[in-house]
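Please take a moment with the sequence and the 3D structure below. Then we can walk through them together, one region at a time.

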Amino acid sequence: MLRKHNERETLVFNVQKCSIHDGPGIRTLVFLKGCPMRCLWCANPESQEYGLEIAETESRCIGCNVCMEECPRGCIVRREDGRGMIDRSRCDLCGVCTEACYARSKRFVGEARSVAELTEAIARDRTYYTNSGGGVTFSGGEPLTHPEFLLEAARSCKELGISVAVETCGCADYDDFAPALAYIDDIFFDVKHIDSQRHRQLTGKGNEKIIENLLKISASGHSMTVRVPVVPGCNDETENLEGIARLAASVPGVREVELLAYHALGEHKYAMLGREYPLKGLQTPPDETMYGYVDLMNKILHPAGKACRFEGKN
Ligand code: SF4
Ligand code: SF4
Ligand code: SF4
């Protein structure tokens, strides 16, 4: 049976080993479940809810009927093609169908992990971190909204000599996560829109707390990479990119800006959670367009001794 999590644990929805993209060297990425924002382009919708969810992989369902017979609430509906799909308005996440389905069409997203279990899993790759200058990166969801877990996990890793990085949207309470900063070496801090009202339209939250946290983290002596996911029609206007560049240029703790091109790789996950993808049909901006944005931002960043970068496909 599924183990429910207690206050000493948190829900982790993925542990990805041997990553080379989210921080220096070879890294283990730990994705914590739960985020206060709802970005229209989110590539990890399974990270947004703090609680467990069930994902359904439609293509795996062989229409065997077992889950429909075993669901205690009778809320798995047989479609015309024979596949059984959950009526989520009635599901209480009992998990019976996840155990009944041999085809693994239905599965829980999120697994309760303790700091000790997680640290042990991370430490298994210590040799790779040492040889490559890598470590662990806590991501999400929003890792700073798990302050106690993050503090303990980051401290445990540091005690083993493992470098710790965090990827954050900055939308968390500073006083809660500040103690963990002492054990964090590297911070990748998202700034998605400089205008708070537009930020709210795009992500569900204004940006005041985020910018305040950027300033406070900088004042605490940490250095950060500001990351901007560039999403066509959402935040790629010149005034926005220039505004973010001006902010990054003025904050001492920001050492560089990295642009990330929008992609739709997470689109299929929305269907797995019974949700609509909000940006259907939106295309990835071409590399040349992205390099144009880099030049635009560098006009503001270079005089401040900083730079913007983008790693294109070519
Ligand atoms: S902040 Fe990140 S995890 Fe949260 S909704 Fe936005 S893209 Fe998704
Ligand atoms: S048990 Fe699995 S394979 Fe069988 S109908 Fe249900 S979801 Fe489909
Ligand atoms: S989790 Fe339980 S209630 Fe929900 S669909 Fe599966 S068996 Fe039914």
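Thr119 sits in helix H3, which covers residues 115-123. Keep in mind as you look that this is a predicted model. Is Thr119 buried or exposed? Its relative accessible area is 10%, and buried means under 20%, so Thr119 counts as buried. Leaving aside residues up to four places away in sequence, Thr119 touches Ser156, Cys157 and Leu160.

Now let us turn to the sheet. Strands of a sheet pair through backbone hydrogen bonds, either parallel or antiparallel. Here nine strands form an open sheet, and if you follow them across you meet S7-S1-S2-S8-S9-S10-S11-S12-S13, with mixed pairing. At the edges are strand S7 (111-114) and strand S13 (307-309), each of which pairs on one side only. From one strand to the next, the twist averages 30°.

Strand S11 (224-230) is a good place to pause. On one side, strand S10 (residues 186-190) runs parallel to S11 and is joined to it by four bridges. In this pairing, Phe188 stands opposite Thr225 of S11. S11 also runs parallel to S12, and seven bridges join these two strands. Look for Met224, whose bridge partner in S12 is Val254, and for Arg227, which stands opposite Glu258 in S12.

How many of the residues of S11 are buried? Seven of its seven residues are, so to describe the strand we can say that S11 is mostly covered. Met224, Val226, Val228 and Val230 point one way from the strand, while Thr225, Arg227 and Pro229 point the other way, and all are buried. Helix H11 lies across S11, S12 and S13, and runs at about 160° to S12.

Another helix in this region is H9, made of the 13 residues 238-250. We can check its length with a little arithmetic: at 1.5 Å a residue, H9 should span 18 Å, and its end C-alpha atoms are 18 Å apart, which agrees. The buried residues of H9 are Asn240, Leu241, Gly243, Ile244, Ala245, Leu247 and Ala248. They pack against helix H8 (208-219), strand S11, strand S12 (254-261) and helix H11 (287-301).

Next come the two ligands. Around ligand 1 you will find Cys35, Met37, Arg38, Cys39, Cys42, Ser47, Gln48, Gly141, Cys169 and Lys192. By class, this shell has five nonpolar, three polar and two charged residues. One of these residues, Gly141, lies in the loop between strand S8 (135-139) and helix H5 (147-159). The peptide bond leading from Gly140 to Gly141 is cis, with omega near 5°.

Around ligand 2 are Cys61, Ile62, Gly63, Cys64, Asn65, Cys67, Met68, Cys101, Ala103, Ser105 and Lys106. The classes here are seven nonpolar, three polar and one charged. Have a look at Asn65, in the loop between strand S3 (53-56) and helix H1 (66-70). Asn65 has a positive phi of about 85° although it is not a glycine. With 27% relative accessibility, Asn65 counts as partly exposed.

Leu93 also has a positive phi without being a glycine, with a value near 60°. You can find Leu93 in the loop between strand S5 (84-86) and helix H2 (96-100). At 29% relative accessibility, Leu93 counts as partly exposed.

Definitions and conventions: Residues are numbered from 1 along each chain as its sequence is written. Chains are lettered from A and ligands numbered from 1 in the order in which they are written. This is a predicted model: local features need pLDDT of at least 70, side-chain atom pairs count only at pLDDT 80 or more; totals for chains, interfaces and linings use all residues. Side-chain values use heavy atoms; hydrogens and water are left out. A residue is near a molecule or strand if one of its heavy atoms lies within 4 Å of it. Ala, Val, Leu, Ile, Met, Phe, Trp, Tyr, Cys and Pro count as nonpolar, Asp, Glu, Lys and Arg as charged, and the others, Gly among them, as polar. The expected span of a helix is 1.5 Å times one less than its number of residues. Buried means under 20% relative accessible area, exposed over 50%, partly exposed in between (1.4 Å probe, protein chains only). Contact means heavy atoms within 4.5 Å. Two strands pair if DSSP finds at least two bridges between them. Axes are lines fitted to C-alpha atoms, for helices over the stretch in contact, and angles run from 0 to 180 degrees between N-to-C directions.
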